[in-house]
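This report describes the fold, the confidence and selected residue environments of one protein chain. The sequence and the structure are shown first, and the discussion follows.

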Amino acid sequence: MGHGGEYRRTGAYDGELGAAVGRAQEGDEAAFAVAYRLVQPGLLAYVRGLVGDDAEDVMSDAWLEIARDLGRFKGDGAGFRGWTATIARHRALDHLRRQRVRPRPSALEQDVLDLPGQQNTHDQAMESLSTAHALELVGGLPRDQAEAVLLRVVVGLDGPAAARVLGKRPGAVRTAAHRGLKRLARQLGADGVTDEPPRTLGEST
């Protein structure tokens, strides 16, 4: 599938992000605040898909770990997005394991076997994912598709980086993202908005 404009919203800031991270590693607190501002919105949307209303608390724990281990990070702005997404995901899964009231499946291995087609019918979905309603619709996707869409379109990771976060093959993640975006494109069409309440990942049918 075409990815030309997929990361414009995040990729455009990766140079600024990388520079801010470098200064933050030298002790510049204002630079750490810049890095936080650039990364937090996408991470929060991703984690909200995993844990629902507990996302703010999970991200607080994640940022404590990020700040603690910042000196060990090596890489550029795009690498920092992937590194922080991995930490956020681990904290979210830890939270779900501790939560017994509404148990969710912890396995994320629903690999997609079909190869994606060469169509761009999901472009509308990608452009609309900045809206709160579209992000709610992501919660209705199968779990593997929702995580792939959030990591690739909202967090702004490329295929290999998203695959590393999820512990999957890049091809499987690309396929899951393609299927999820195609489904969102249908939902975001003229008659595609549903009346169902938003769900967290793993609660879809």
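A polar contact is a pair of N or O atoms within 3.5 Å; within protein, one of the two must be able to donate a hydrogen and the other to accept it. In this predicted model, such a contact joins the side chains of Arg81 and Asp14, at 2.7 Å.

**Overall architecture and confidence**

The secondary structure of the protein chain consists of ten helices and zero strands. Along the sequence, the pattern reads α-α-α-α-α-α-α-α-α-α. The chain has 205 residues, and buried residues make up 50% of them. Of the contacts with a separation of 6 or more, 75% are between residues 24 or more positions apart.

The mean pLDDT of the protein chain is 76, and 69% of the residues score at least 70. Among the elements, helix 4 (residues 55–69) has the highest mean pLDDT, 94, whereas helix 6 (residues 123–128) has the lowest, 49. Two stretches stay under a pLDDT of 50. One of them is residues 1–8, for which the model has 22 contacts beyond four places in sequence. Another is residues 190–200, with 19 contacts beyond four places in sequence.

**Helix 2 against helix 5**

Arg81 belongs to helix 5 (residues 77–98). Its relative accessibility is 3%, so Arg81 counts as buried. Its partner in the polar contact, Asp14, takes part in the packing of helix 2 (residues 14–25) against helix 5. The axes of these two helices come within 7 Å and cross at roughly 75°. Because this angle falls in the range of 65 to 115 degrees, helix 2 and helix 5 are roughly perpendicular to each other. Helix 2 contributes Asp14, Leu17, Gly18 and Val21 to the contact, and helix 5 contributes Gly77, Ala78, Phe80 and Arg81. These residues divide into four nonpolar, two polar and two charged.

**Helix 4 and Glu65**

Glu65 is placed in helix 4. With a relative accessible area of 18%, Glu65 is buried, because the cut-off for burial is under 20%. Beyond its neighbours within four places in sequence, Glu65 is in contact with Ile87 and Arg91. With Arg91 the link is a polar contact between the two side chains, at 2.2 Å.

**Helix 9 and its surroundings**

How many of the eight residues of helix 9 (residues 159–166) are buried? Six are, so helix 9 is largely enclosed by the rest of the structure. The buried residues are Gly159, Ala161, Ala162, Ala163, Val165 and Leu166. Among the elements that cover them are helix 3 (29–51), helix 5, helix 8 and helix 10 (170–187).

Both ends of helix 9 have a local feature. At the N-terminal end, Asp158 acts as a cap: one of its side-chain oxygens lies 2.9 Å from the backbone nitrogen of Ala161. Just after the helix, Gly167 takes a positive phi of about 70°.

**Buried residues and their distant partners**

Three further residues show how positions separated in sequence are placed in space. Val154 is found in helix 8 (residues 143–155) and, at 18% relative accessibility, counts as buried. His178 lies in helix 10, where it is buried at 4% relative accessibility. Gly139 is located in the loop between helix 7 (132–138) and helix 8, and its relative accessible area of 5% makes it buried as well. The table lists one C-alpha to C-alpha distance for each of these residues.

| Residue | Partner | Separation along the chain | C-alpha to C-alpha distance |
|---|---|---|---|
| Val154 | Ala45 | 109 residues | 7.4 Å |
| His178 | Val149 | 29 residues | 8.0 Å |
| Gly139 | Arg48 | 91 residues | 9.1 Å |

**Summary**

The model is an arrangement of ten helices without strands. Two side-chain polar contacts have been described, Arg81 with Asp14 and Glu65 with Arg91; both Arg81 and Glu65 are buried. Helix 9 is largely enclosed by the rest of the structure, with helix 3, helix 5, helix 8 and helix 10 included in its cover. In reading these details, the confidence should be kept in view: pLDDT stays under 50 over residues 1–8 and over residues 190–200, and helix 6 has the lowest mean pLDDT among the elements.

Definitions and conventions:
Residues numbered from 1 in each chain as written. Predicted model: local features only at pLDDT ≥ 70, side-chain atom pairs only at ≥ 80, totals over all residues. Heavy atoms only, no water. pLDDT = per-residue confidence, 0-100. Helix = DSSP H or I, 4+ residues; strand = E, 2+ residues; numbered from the N terminus. Contact = heavy atoms within 4.5 Å. Buried < 20%, exposed > 50% of the residue type's maximum accessible area, 1.4 Å probe, protein only. Axes fitted to C-alpha atoms, helices over the stretch in contact; angles between N-to-C directions. Parallel < 35°, antiparallel > 145°, perpendicular 65-115°, else oblique. Nonpolar A, V, L, I, M, F, W, Y, C, P; charged D, E, K, R; others polar.
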